[in-house]
Amino acid sequence: MGGTGSSSMMNSLLIYSWLCLMLSLVPFSIFFVALQSRPRIVEGTVFINGSSRIGRTDADFICATLDWWPPEKCDYGTCSWGTTSLLNLDLTNPLLLNAIKAFSPLKIRLGGTLQNKVIYETQQQACTASFIKSSSEMFGFSQGCLALSRWDELNTFFREAGYIWTCRAEVIFGLNALNGRTIASDGSAKGAWNSSNAEALIRYTVNKNFTIFGWELGNELSGSGIGTSVAPDQYASDITNLHDIVRKTYASLGKRKKKPLVLAPGGFYDANWLTEFINKTPKNSLQVVTHHIYNLGPGDDTHLIDRILDPSYLDGGSSPFSGLQGILKSSGSSAVAWVGEAGGAYNSGHNLVTNAFVFSFWYLDQLGMASSYNTKTYCRQSLVGGNYGLLNPTTFVPNPDYYSALLWHRLMGTKVLSTSFSGTKKIRAYAHCSKKSVSEDPETKCSYWKIHECSKESQYF
């Protein structure tokens, strides 16, 4: 599959799946990721310190994205997005609905490159623009429009995607952060964010009683940016503006509805930029710092599988996690770290690699690594769309990583344990306290997982 011996990889999948299922019967769950191209006996020792917590994730750690890319989005001669855009996704497809319901709840981040070119229809101003492919436009497409009728449809769908009517998918919406700015001769975006259109959408959302888990400002405009960039001090000022809008707009709801989170910047890790941005953002204005992971390189790289199965290469993926953890700690910020988008290989991934079984070695390792650095949520690019979707973009049938995500969601609890493996670098182990059982909250009727706290005896497994 994708150039790697499918039988040996399938054996590895069965091994770590069996271990996960068996070990879920003890007070912790463990994932083994075996990066082995040929079957052979490997002796080693795994040590789990059940009394040492090195991180804590959200209970709904698993997250997936939905993007704006239209069918005309093509990479390396392949057009892999089909009708998976937020503007044309078939929300009546039962496979899509049930795929989300299986997580109950699933965090879903709505956004991507083109979010910075989306205008929102308001009750005072209609908009009809659709993304038109154009080489002269930033990001390769003209401006697009989110009609209020489509926003209504999306929110109805997310409400239905809950396990029962009082639960729903947890939606994070990415706002256009380029509105009102001008592009300077050096390619950077200058001026303050014009928040009026975003504020109209947020106000409409509140008035319609739609539930949004978080509002995220911008996509990949931090550091050197993709297409353009915004300076960290200006971004900090814009986040303060967004926080004020959210606070004032949701104030009318009082305590009966939890205010959404404010997230940013949704870009690639840049230590200097993030340090200045976090230090200049008022401590109560930003709840989540989001960053993106595409550490395998471009989707047309012929060495993708080699990198996925190379432990030394995967080890390098820890740098953004440890770096951001250090910045947040030294800044004194109460904000937490999320991976807001991660597709591994950029430009839509690679067919038969990033949507195939072999990619689970990268994905599961990322989930374990991110958790160990106190990352609260990990959003996979994408739920559906491109060559890295959890679902097939045409049939909505799950790809292998959908099951990896679901297995993690159902077995791995929030408490991350100190874990080590000696014997070979091709086996990587991560352990959490397990999710013990499913219970029902008598007030909300939502399903939730009881977290079994680990005892000292756990380390003697």
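Which residue's side chain does a polar contact of 2.6 Å join to the side chain of S348? The residue is D75, as the second of the following legends sets out for this predicted model.

**Figure 1. Overview of the protein chain in the predicted model.** The protein chain comprises 461 residues, and 56% of them count as buried. Its secondary structure consists of 11 helices and 19 strands. The surface exposed by the protein chain amounts to about 19000 Å², of which carbon and sulfur atoms supply 53%. When contacts in the protein chain between residues at least 6 apart in sequence are considered, 75% join residues at least 24 apart. The whole structure contains three disulfides, which are presented in later figures.

**Figure 2. Close-up of S348 and its surroundings.** S348 is located in the loop that lies between β15 (345–346) and α10 (359–372). The residue has a relative accessibility of 1% and therefore counts as buried, the cut-off for that class being under 20%. Its side chain takes part in a polar contact of 2.6 Å with the side chain of D75. A polar contact of 2.8 Å joins the side chain of S348 to that of W81. With neighbours within four places in sequence left aside, the residues in contact with S348 are K73, D75, S80, W81, G386, N387 and Y388. D75 and W81 thus appear in this list, and each has a side chain joined to that of S348 by a polar contact.

**Figure 3. Close-up of Y388, a residue in contact with S348.** Y388 belongs to the loop between β16 (377–380) and α11 (400–411). Its relative accessibility is 4%, so Y388 counts as buried. Leaving aside neighbours within four places in sequence, Y388 is in contact with W81, Y294, G343, A345, S348, G349, T354, R380, Q381 and S382. W81 is in contact with Y388 and is also listed among the contacts of S348. Y388 and G344 are separated by 44 residues in sequence, and their C-alpha atoms are 8.3 Å apart in space.

**Figure 4. Close-up of the disulfide formed by C63 and C379.** The sulfur atoms of C63 and C379 are 2.2 Å apart. The link of these two cysteines is right-handed, with 85° about the S-S bond. This pair links distant parts of the chain, since C63 is in strand β3 (residues 62–66) and C379 is in strand β16, 316 residues apart. C63 and C379 are both buried.

**Figure 5. Close-up of the disulfide formed by C74 and C79.** In this disulfide, the sulfur atoms of C74 and C79 are 1.9 Å apart. The torsion about the S-S bond of C74 and C79 is about 90°, and the disulfide is therefore right-handed. C74 has a relative accessible area of 28% and is partly exposed. C79, at 46% relative accessibility, also counts as partly exposed.

**Figure 6. Close-up of the disulfide formed by C127 and C145.** A distance of 1.9 Å separates the sulfur atoms of C127 and C145. The disulfide is right-handed because the torsion about its S-S bond is about 65°. The pair links distant parts of the chain: C127 lies in the loop between β5 (118–120) and β6 (144–146), whereas C145 is in strand β6, 18 residues apart. C127 counts as buried at 17% relative accessibility. C145 counts as buried at 7% relative accessibility.

**Figure 7. Close-up of the closed barrel of eight strands.** The barrel runs in the order β3-β4-β7-β10-β11-β12-β14-β16, with parallel pairing. On average, neighbouring strands of this sheet are turned by 25° against each other, direction ignored. Two strands named in the barrel, β3 and β16, hold C63 and C379 of the disulfide shown in Figure 4.

**Figure 8. Close-up of strands β11 and β12 with helix α5.** Strand β11 (residues 261–268) pairs with strand β12 (residues 288–293) in the parallel sense, over five bridges. A264 stands opposite V289, a residue of β12. Helix α5 (residues 232–250) lies across three strands, namely β7 (170–175), β10 (214–217) and β11. The helix runs at about 150° to β11.

Note on methods
Residues are numbered from 1 along each chain as its sequence is written. This is a predicted model: local features need pLDDT of at least 70, side-chain atom pairs count only at pLDDT 80 or more; totals for chains, interfaces and linings use all residues. Side-chain values use heavy atoms; hydrogens and water are left out. Buried means under 20% relative accessible area, exposed over 50%, partly exposed in between (1.4 Å probe, protein chains only). A polar contact is a pair of N or O atoms within 3.5 Å; within protein, one must be able to donate a hydrogen and the other to accept it, and residues adjacent in sequence count only if both atoms are side-chain atoms. Contact means heavy atoms within 4.5 Å. Accessible areas come from the Shrake-Rupley method with a 1.4 Å probe; for residues, only the protein chains shown count as cover. A disulfide is a pair of cysteine sulfur atoms within 2.5 Å. Two strands pair if DSSP finds at least two bridges between them. Axes are lines fitted to C-alpha atoms, for helices over the stretch in contact, and angles run from 0 to 180 degrees between N-to-C directions.
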